[in-house]
Amino acid sequence: MKGVLDICLVFLMLHTPGVLSLSTHVAVIYPQDPVLRMGSTLTASCWVHPDLGVHASSLFWTLNGQPLPGSMYRVLSPTNLSVTLAGLNASRQTSGDNLVCHNHKGHILAGSCLYVGMPPEKPVNMTCWSRNTKDLTCSWAPGGKGETNISTQYTLKYKLRWYGKEKECEDYTHTQPYSCSITRDLHLFTPYEIWVEASNQLGRAASDVITLDILDVVTTDPPSGVSVSRVGQLEDQLSVRWEAPPALKDFLFQAKYQIRYRLEDSQDWKVMDDVGNQTSCRLAGLRPGTVYFVQVRCNPVGIYGSRKAGIWSEWSHPTAASTPHSERLMSGSCDSKSSGDSNSTLRRELKQFFGWVRKHAYGCSSMSMKLYDQWRVLMQKSHKTRNQVLQGDKS
């Protein structure tokens, strides 16, 4: 591809577009570097200098290094050979396709870069967000099939809704391909009108205009200081704690949080939506003796009194912790029937209690877990004692 681009650059230096004089060139192709719609027909001509002593009938054409059949040629004069290309396909690269005129020995006499594509369609799916109210970033998608096959420029434009001047976004260094960040002269409490214009040498198109207030599209850094720890010896629980995003600590807002967690050997995350605005949560119903990965994210609600919810932050870095091993699994062997009966009783008791918990305090509610913890410890001790009695009877 670099070789193709180098050839085009050489042609651009040797043959100024539109110059037909042969006073300084051995040959000239016209038109020079045309931009054409897909499916178009092009007739190009190669003029050779009379002093070169070359007849047009001895010349031949190549497109991207491949010879074109003689049936496409026409000798217009002793010094002029044309070629007609019908139903042009899209350019293979944005640097253009190379149409080259050669003498009978294969030496390059002149060349032209063909740009074959389509005008842009209306950009779509524009979304915007502000990270900690410090910037305003918007992304979009090209319209239609997206690929014009020729160089296309996208410009994000914006203005304050009632009295602002139209401006253009300048920072296109964002990681997403179709995006731009406005980082200067931002106004809070004032609606913006924002749109994207797409243009190339075959046409232009503009997206719909969206109107937004920066305060309504705020997202934050992920919560900080995420920690996960055991809850005593309760083998099916972990405690998760975190801090509000540092950049928003001085803002007037309430946060909504989400937690997700997964087993160490799984890629399937379970999401808890009912965390609310508290900064701690108890995960229950986990597997004993198992490593879990936990993440937290934040949605800022009511920034400076905005009535709209913000945008969810990225997830925090995964934090890992393991639940304690179950005493039931670590105890000595038991009579299978007695063990089955006792496990069945325990499962029934747990099912009854968890049914009550789900009914009155689903997920990470703010209810006190003290009574529940006491009940669990009591059940574990009771079960341990039962196993010891059973083993004493067998001995």
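Start by selecting E193: with a relative accessibility of 18%, this residue counts as buried. Bear in mind as you click around that the model is predicted.

**Stop 1: around E193**

Colour by secondary structure and you'll find E193 in strand β15. Now show what surrounds E193. Leaving aside residues up to four places away in sequence, E193 touches K157, Y158, K159, R161, V209, I210 and T211. Pick T211 from that set and check the backbone: the C-alpha atoms of E193 and T211 are 4.6 Å apart, although 18 residues separate the two along the chain.

**Stop 2: across to K159**

Which residue meets the side chain of E193 in a salt bridge? Select K159; the N to O distance is 4.0 Å. This pair links distant parts of the chain, since K159 belongs to strand β12 (residues 153–160) and E193 to strand β15 (residues 192–200), 34 residues apart. Is K159 buried or exposed, or something in between? Partly exposed, at a relative accessible area of 27%, whereas E193 is buried at 18%.

While you have these strands on screen, add K157, E166 and E197: salt bridges that share partners join them into one network.

**Stop 3: K157 and E166**

Zoom in on one link of that network. K157 forms a salt bridge with E166, and the closest N and O atoms sit 3.5 Å apart. K157 counts as buried, because its relative accessibility is 11% and the cut-off for buried is under 20%.

**Stop 4: K122 and D208**

Next, select K122 and D208. They form a salt bridge too, the closest N and O atoms being 2.8 Å apart. Here both ends lie in loops: K122 between β9 (108–117) and β10 (124–131), D208 between β16 (203–206) and β17 (210–212), so the pair ties together parts that are 86 residues apart in sequence. K122 is partly exposed, with a relative accessible area of 38%.

If you want to hunt down the rest, the total for the model comes to 6 salt bridges.

**Stop 5: a pocket**

Finish by leaving the charged pairs and selecting L63, L88, N89, R92 and D97. What do these residues lie nearest to? The centre of the second largest pocket, which is lined by 15 residues in total. Its volume is about 270 Å³. Colour the lining by residue type and you'll get 9 nonpolar, 4 polar and 2 charged residues.

Note on methods:
Residues are numbered from 1 along each chain as its sequence is written. This is a predicted model: local features need pLDDT of at least 70, side-chain atom pairs count only at pLDDT 80 or more; totals for chains, interfaces and linings use all residues. Side-chain values use heavy atoms; hydrogens and water are left out. On a 1 Å grid over the protein atoms alone, a cavity is a set of points where a 1.4 Å probe fits but cannot get out, and a pocket is an open set with protein on both sides within 12 Å along at least five of seven lines; lining residues have an atom within 4 Å of a point. Grid points are joined across faces, edges and corners, and a volume is the space filled by probe spheres set on the points. Ala, Val, Leu, Ile, Met, Phe, Trp, Tyr, Cys and Pro count as nonpolar, Asp, Glu, Lys and Arg as charged, and the others, Gly among them, as polar. Helices (H or I, at least four residues) and strands (E, at least two) are DSSP runs, numbered from the N terminus. Buried means under 20% relative accessible area, exposed over 50%, partly exposed in between (1.4 Å probe, protein chains only). Contact means heavy atoms within 4.5 Å.
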